[in-house]
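Dear colleague,

I am handing over the structure below, together with some notes on what was found in it. Please read the notes with the coordinates open beside you.

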Amino acid sequence: SGAGRAQRLYARGGDGRAYTTPAVSLGTCTRVLLEEAKDVLSDWLDSLHGSEVLPPDVLTRVSEYVPEIVDFVQKIVDNGYGYASNGSVYFDTVKFANSEGHSYGKLVPEAVGDQKALHEGEGDLSVSAERLSEKRSPNDFALWKASKPGEPSWPCPWGKGRPGWHIECSAMAGTLLGASMDIHGGGFDLRFPHHDNELAQSEAYFENDYWVRYFLHTGHLTIAGCKMSKSLKNFITIKDALKKHSARQLRLAFLMHSWKDTLDYSANTMESALHFYKKKAAVHQALCDNIDTRTVLEEMRALVGQCNLYMAARKAARRRPHRVLLESIAHYLTHMLKIFGAIEEESSLGFPIGGAGTSLNLESTVMPYLQVLSEFREGVRRIAREHRGEARLRGHRAWRSSASGASAGRGLDGSCPCPQRPVVMHSCWGGFAVCTLPAPCARPRA
C-alpha cells in the first residue's frame with residue numbers, strides 16, 4: 001500500500017527523528033503520502049456513490065490550495081492579527097478580541113483559555129512547552145507551522161512549512177464562497193477550538209464579523225451505545241453498513257433521529273427504521289397477490305399505529321419527532337388512498353378538509369393564521385408561568401373547566417356547539433405549540 005511504501009522510505013536516527021534514505025528524496029516521500037491520501041479519498045467517494053448521497057458541487061484538496069493558504073496567512077499578518085515566530089505564524093487572539101468589531105470565542109466563549117480543550121483539539125500543536133514558548137498568549141493558535149525534518153513542507157515567506165489545522169478550511173471556503181457563507185456544518189465536538197478559530201481567522205482576513213451566518217453542529221455517531229473507535233473494534237465503514245442494509249434503509253434510520261442528536265447505530269435502531277420499509281414491501285406484495293386490498297389497508301393501518309407509537313416515544317423522551325420522516329409516510333399513505341379512489345386528487349396530504357367536491361383546502365387556508373394565534377397563546381402562557389406561577393395558572397384552568405362544564409356537549413338550544421369547525425391547540429414540551437383541525441362534528445343537531 002501507499003502507507004507501506006512511505007514507511008520504507010524513512011529511517012529512524014538515534015535522536016528519534018525521521019530521515020529519508022539516501023536513494024529517495026523527501027519530495028518522493030511527500031508524493032507517496034499525497035497519492036495514498038487520494039486513494040483514501042477515492043474509496044470514500046465510492047462509498048458515497050453506493051449510499052446514494054448526492055456528490056458535492058466542488059471537491060477541494062488542501063494540497064492543491066497551498067498557494068491560496070499562504071496568501072491567506074500573509075493577509076492576516078498584514079492586517080495585524082498574525083505574527084511570525086521561529087519559522088511559524090500564529091494568530092494573535094488578544095489583539096483580535098480587543099479590536100473594534102471583532103470578538104473571539106463566539107460559539108463557546110466559556111472554553112476560551114481552557115488548556116484542556118485546546119489540547120484535545122490541537123494536541124502538541126498548541127500546548128507543548130516548545131509551542132508555548134513561541135506564542136505571545138497561550139490562546140494563540142498556529143496559522144502556519146515550520147516543518148521538522150521528514151515532514152511534508154512547502155515554500156513560503158517564513159521558510160518551509162505546512163498549514164495549521166484551521167487555516168486550510170478558511171482559505172478553501174474563502175476562495176470559493178467569498179467573505180461570507182450562509183451555513184457551515186460540522187460535528188458538535190468541533191465547535192471549539194476548530195470552528196471558533198476558523199471564525200476568528202476568517203473575519204480577521206475579510207475584516208468583517210459575519211463570515212458564517214448559521215452553524216449546524218451534528219450529533220455524534222455511536223455504535224450500540226459506545227463511541228465508534230478502532231481501538232474498541234466497533235468501527236463500521238459505509239461499505240460495511242451497506243453490506244447489511246440498503247442505502248434507503250440507512251437513510252430512514254438517519255431520518256428517525258434529529259440531525260443535532262446522537263445517532264446510535266445498532267440492531268434496534270435499524271429494526272425501527274425498517275418498519276416503514278417492510279410495510280411498503282408488504283403493501284406491494286398484497287397488491288401483487290390478487291389485489292388483496294384488505295391486507296393492504298391492514299398494513300397501512302399498522303403503519304399509522306407505528307407512527308403513533310414513535311411520536312409517543314419521542315414525546316416521552318421530550319424530543320420532537322422527525323418531521324421529514326412522518327411527512328414522507330403521510331405522503332405515501334395519501335398516494336395509496338388516491339390510487340384506491342378514497343381521496344380526491346386535489347388533496348396533497350391526507351383527506352381533504354374542505355369537503356368533497358370543493359377546491360378549497362381549508363387547512364392550508366386557515367392554518368397560517370391559526371399558527372400565529374397559537375404562538376401568541378403559547379407566549380402568553382409562558383409569561384404567566386414565569387411571572388404568576390403555576391398555582392394561579394392551575395386556578396385559571398379550574399375556573400375555565402367549571403365555566404364550560406355546564407355547556408359542554410350541546411348548546412342551550414340543543415344544537416352542536418361546533419357548527420363550523422373546532423380548532424385544537426396543543427402546548428408541547430420545548431415551548432412550541434401545535435394546531436390541529438379535527439374532522440367535522442358528526443353529531444346530529446336537535
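**Confidence and strand pairing**

This is a predicted model, and the mean pLDDT of the protein is 78, with 71% of its residues reaching 70 or more. Among the parts to treat with care are residues 1-24, where the pLDDT is below 50 and where the model nevertheless shows 34 contacts beyond near neighbours in sequence. The pLDDT is also below 50 over residues 404-419, a stretch that has 15 contacts in the model once near neighbours in sequence are set aside.

Turning to the strands, β7 (residues 181-187) and β8 (residues 212-218) run parallel and are joined by 6 bridges; within this pair, His184 has Phe215 in β8 as its bridge partner. Between the two strands the chain passes through helix α9 (residues 191-206), and this β-α-β crossover from β7 to β8 is right-handed.

There is also an open sheet of 3 strands, in which the order is β10-β9-β11 and the pairing is mixed. Because β10 (226-227) and β11 (263-265) stand at the edges and each has a single partner strand, one side of each is left without a neighbour in the sheet. Strand β9 (residues 221-223) runs parallel to β11 and is joined to it by 3 bridges, and Ile223 stands opposite Tyr265 in β11.

As general background for reading these pairings, strands of a sheet pair through backbone hydrogen bonds, either parallel or antiparallel.

With best regards

Conventions. Residues are numbered from 1 along each chain as its sequence is written. This is a predicted model: local features need pLDDT of at least 70, side-chain atom pairs count only at pLDDT 80 or more; totals for chains, interfaces and linings use all residues. Side-chain values use heavy atoms; hydrogens and water are left out. Two strands pair if DSSP finds at least two bridges between them. Helices (H or I, at least four residues) and strands (E, at least two) are DSSP runs, numbered from the N terminus. A crossover is right-handed if, with the strands pointing away from the viewer, the path from the first strand over the helix to the second runs clockwise. pLDDT is the predictor's confidence in each residue, from 0 to 100. Contact means heavy atoms within 4.5 Å.
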